[in-house]
Amino acid sequence: MKTLISPLQTLRLAFGDGDTLPPETIAETDIAAAEARWIVPAIGRDLHEKLLRGAYPDFCADYLAAPTALYTRALVQSRLDVRTDRAGTAVPKSGDAQPADEKMRRRLRRQLLSEARTLLTRATDYLAGRTALIPEYRPEADIASRCSVGGGIVLTGRRKNDF
């Protein structure tokens, strides 16, 4: 399965150096799901497919790697917060750490989504100014340029960061 970034890149970009997670924590299917849910609606299927074939590697590395990694973490974080084995589903707890409560987990998810959305808007703003260089991007097809959600209210005809 082709994705814009690798599972190791996702771990490095979205979890940082202080978090030690095994490489199999993130699967390519996790990244593909995040791309399908958040990245493709913003940049368009044509550009996404071209990026998967290796086009515009600098744009991908400089503008899409970080939001893709953050969206992937937001997608898998709840799975990381619980463990399932033969005994059932449980919240992990160790002698030197306590599991985060529901409020803290919600705050982390909101923060991840907010940061990813800001970086994705940065990417689409970059693309909008370079349609002659990257003709696969069609600004009118970018869902963020037509609709956004702020405080539970759906806004149409505005960019996400305009309010």
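## A guided tour of the helices, the core and the loops

Of the 163 residues in this protein, 35% count as buried, and because the model is a predicted one, every stop below concerns a computed structure. With the whole chain displayed, colour by secondary structure, and five helices and four strands should appear. Followed along the sequence, these elements come in the pattern α-α-α-α-β-β-α-β-β. If you then switch to a surface view, the exposed area is about 9,800 Å², of which carbon and sulfur atoms supply 52%. Among the contacts between residues at least 6 apart in sequence, 63% join residues at least 24 apart.

**First stop: the nonpolar core**

Select Leu-51, Leu-64 and Tyr-71, which, of the 34 residues in the largest nonpolar core, touch the most other members. Helix 1 (7–15), helix 2, helix 3, helix 4 and helix 5 (102–128) each supply at least two residues of this core, and helix 4 gives the most, with 11 residues.

Which residues does Tyr-71 touch, once those up to four places away in sequence are not counted? Display Ala-34, Trp-38 and Ile-39, and then Leu-113, Ala-116, Arg-117 and Leu-120, and you have the residues that Tyr-71 touches under that condition.

**Second stop: helix 1 against helix 4**

Now select helix 1 together with helix 4, residues 57–80, and look at how the two cross. Their axes come within 8 Å and cross at roughly 90°, and helix 1 and helix 4 are therefore roughly perpendicular to each other. On the side of helix 1, the contact is made by Thr-10, Leu-13, Ala-14 and Phe-15. On the side of helix 4, show Ala-65, Ala-66, Ala-69, Leu-70, Thr-72, Arg-73, Gln-77 and Leu-80. Coloured by residue type, the residues of this contact between helix 1 and helix 4 divide into eight nonpolar, three polar and one charged.

**Third stop: helix 2 against helix 3**

Hide helix 1 and helix 4, and select helix 2 (residues 28–43) with helix 3, whose axes come within 7 Å and cross at roughly 110°. That angle makes helix 2 roughly perpendicular to helix 3, because angles of 65 to 115 degrees are counted in that class. Here Glu-35, Val-40 and Ile-43 of helix 2 meet Arg-45, Leu-47, His-48, Leu-51 and Leu-52 of helix 3. The residues of this contact between helix 2 and helix 3 divide into five nonpolar, one polar and two charged. Leu-51 has already appeared on this tour, as one of the residues that touch the most other members of the largest nonpolar core.

**Fourth stop: Tyr-56**

Move along the chain to the loop between helix 3 (45–52) and helix 4 (57–80), where Tyr-56 lies. Most residues other than glycine have a negative phi. The phi of Tyr-56, by contrast, is near 50°, a positive value in a residue other than glycine. Is the side of the scale on which Tyr-56 falls buried or partly exposed? With a relative accessibility of 23%, Tyr-56 counts as partly exposed, because the buried class is kept for values under 20%.

**Last stop: three positions outside the helices**

Begin with Ser-6, in the segment before helix 1, which is partly exposed with a relative accessible area of 28%. Draw a distance from its C-alpha atom to that of Ala-27, and the two atoms, 21 residues apart along the chain, are separated by 8.6 Å.

Next select Pro-22, found in the loop between helix 1 and helix 2, which at 37% relative accessibility counts as partly exposed. The C-alpha atoms of Pro-22 and Leu-11, 11 residues apart along the chain, are separated by 8.9 Å.

Finish at Ile-143, in the loop between helix 5 and strand 3 (147–150), where a relative accessibility of 41% makes the residue count as partly exposed. From Ile-143, draw a last distance to Trp-38: the pair is 105 residues apart in sequence and 9.8 Å apart in space, C-alpha to C-alpha. Trp-38 is also among the residues touched by Tyr-71, so the view can be returned to the core from here.

Definitions and conventions. Residues are numbered from 1 along each chain as its sequence is written. This is a predicted model: local features need pLDDT of at least 70, side-chain atom pairs count only at pLDDT 80 or more; totals for chains, interfaces and linings use all residues. Side-chain values use heavy atoms; hydrogens and water are left out. Buried means under 20% relative accessible area, exposed over 50%, partly exposed in between (1.4 Å probe, protein chains only). Axes are lines fitted to C-alpha atoms, for helices over the stretch in contact, and angles run from 0 to 180 degrees between N-to-C directions. Angles under 35 degrees count as roughly parallel, over 145 as roughly antiparallel, 65 to 115 as roughly perpendicular and the rest as oblique. Contact means heavy atoms within 4.5 Å. Ala, Val, Leu, Ile, Met, Phe, Trp, Tyr, Cys and Pro count as nonpolar, Asp, Glu, Lys and Arg as charged, and the others, Gly among them, as polar. A nonpolar core is a set of buried Ala, Val, Leu, Ile, Met, Phe, Trp, Tyr and Cys residues joined through side-chain atoms within 4.5 Å. Accessible areas come from the Shrake-Rupley method with a 1.4 Å probe; for residues, only the protein chains shown count as cover.
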